[in-house]
Amino acid sequence: MREGDGLRKRHGLQGPIDDALLDRFIFVRPTASVARPGRQCHGELERAIEHWRRHFRGVAQVKDDTAITSDDIQRRT
């Protein structure tokens with residue numbers, strides 16, 4: 001390593017969570033839900049979206065589960 005290079009994360013060289021967050025991904029909103037689990041799921045999704053905005057300063061891409069296309073799946077990386 002050259003002086004000044006410093007340590008930094010590189011895709012494929014850190015843990016799987018970091019790799020996942022460096023690739024394109026979509027938050028998938030469930031459309032069918034059962035009373036209590038459904039409310040909890042939607043609450044956690046809203047929490048994740050807010051934390052994404054707050055900590056990563058970005059807008060999370062969110063789609064309903066019924067709106068996910070094969071193109072979305074192919075373009076995930």
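## Salt bridges in the model

A salt bridge here is a side-chain nitrogen of Lys or Arg within 4 Å of a carboxyl oxygen of Asp or Glu. The structure is a predicted model, in which local features need pLDDT of at least 70 and side-chain atom pairs count only at pLDDT 80 or more, while totals for chains, interfaces and linings use all residues. Residues are numbered from 1 along each chain as its sequence is written, and side-chain values use heavy atoms, with hydrogens and water left out.

By this rule there are five salt bridges. Glu50, Arg53 and Arg54 are joined into one network by salt bridges that share partners.

## Arginine 29 and aspartate 64

One salt bridge pairs the side chains of arginine 29 and aspartate 64, at 2.9 Å from N to O. Arginine 29 belongs to strand 1 (residues 27-29) and aspartate 64 to strand 2 (residues 62-64), so the pair ties together parts that are 35 residues apart in sequence. Strands are DSSP runs of E with at least two residues, and helices are runs of H or I with at least four, both numbered from the N terminus.

Accessibility is sorted by relative accessible area: buried is under 20%, exposed is over 50%, and partly exposed lies in between (1.4 Å probe, protein chains only). Arginine 29 has 27% relative accessibility and counts as partly exposed. Aspartate 64, with 28%, is also partly exposed.

## Arginine 47 and glutamate 44

The side chains of arginine 47 and glutamate 44 form a salt bridge at 3.5 Å, N to O. Both residues lie in helix 2 (residues 35-56), three residues apart, which is about one turn of the helix. Arginine 47 is partly exposed, with a relative accessible area of 48%, and glutamate 44 is partly exposed at 41%.

## Aspartate 72 and its surroundings

Aspartate 72 is in helix 3 (residues 70-74). Its side chain meets that of lysine 63 in a salt bridge of 2.7 Å, N to O. Aspartate 72 is buried, at 7% relative accessibility, whereas lysine 63 is partly exposed at 23%.

The side chain of aspartate 72 also reaches the backbone nitrogen of threonine 69, at 2.9 Å. Leaving aside residues up to four places away in sequence, aspartate 72 touches Arg24, Ile26, Lys63 and Ala67, where contact means heavy atoms within 4.5 Å. Lysine 63 is thus named twice for aspartate 72, as salt-bridge partner and among the residues in contact.

How values were computed: Polar contact = N/O pair within 3.5 Å; in protein donor to acceptor, adjacent residues only side chain to side chain.
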